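Got the viewer open? Let's walk through this one together, from the whole fold down to a single side chain.

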Amino acid sequence: MGVVTYDYENTSPVAPARLFKAFTVEAPKVWPTAAPNAVKSIEVEANPSSGSIVKINFVEGLPFQYMKHQIGGHDESNFSYSYDLIEGGPLGDKLEKISYENKFEAAAGGGSICKSSMKFYTVGDNVITEDEIKALIKGSEGVYKPVEAYLLANPEACN
């Protein structure tokens, strides 16, 4: 098994606290509403806390039917959270899991800087390329961008 680390930053006009809520505790409500062409539903085992499993069900026609995340932790005071993608989605037979550490920081001119560190754990001698990683990031924008647009259009959401 090999491990490939990839760091990624993105800017957003939305405040860090609102993005944090939209991608953690309010995700089951926000994602299907904001991205109905991608997310059918989100099921959370108990409270969304460390060790809990979150299943994201996608609409028909997308490359993946679902993904399961295991929550690592949430730090609301620092707008950071971590989780492992442990089943479904892009894992296939090439990846054992993908670990994510995400943090939303205030940007100088307002809005946020979204920082992500991803670790790709490959199965056996499999290799994941930078182009494959970039394609996965681009695919995740199918949820991220609609959630961002939803928050901009609905200033009362996730406050």
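Here is the tour, starting with the overall view.

Keep in mind that this is a predicted model, where local features need pLDDT of at least 70, side-chain atom pairs count only at pLDDT 80 or more, and totals for chains, interfaces and linings use all residues. Numbering runs from 1 along each chain as its sequence is written, and side-chain values use heavy atoms, with hydrogens and water left out.

Show the whole chain as a cartoon and colour it by secondary structure. You should find three helices and seven strands, in the order β-α-α-β-β-β-β-β-β-α. These are DSSP runs numbered from the N terminus: helices are H or I with at least four residues, strands are E with at least two. Turn the C-alpha trace around and its principal axes span about 45 × 35 × 30 Å. Of the 159 residues, 39% count as buried, meaning under 20% relative accessible area with a 1.4 Å probe, protein chains only.

Next, select residues 16-23, helix 1. Seven of its eight residues are buried, so this helix is largely enclosed by the rest of the structure. Show side chains for Pro16, Arg18, Leu19, Phe20, Lys21, Ala22 and Phe23 to see the buried set.

Now jump to helix 3, residues 130-153, and pick Ile137. Its relative accessibility is 9%, so Ile137 counts as buried. What does Ile137 touch, not counting residues up to four places away in sequence? Add Tyr6, Tyr8 and Met118 to the selection; contact here means heavy atoms within 4.5 Å. Last stop: draw a distance from the C-alpha of Ile137 to that of Glu148, eleven residues apart along the chain, and it should read 15 Å.

How values were computed: Buried means under 20% relative accessible area, exposed over 50%, partly exposed in between (1.4 Å probe, protein chains only).
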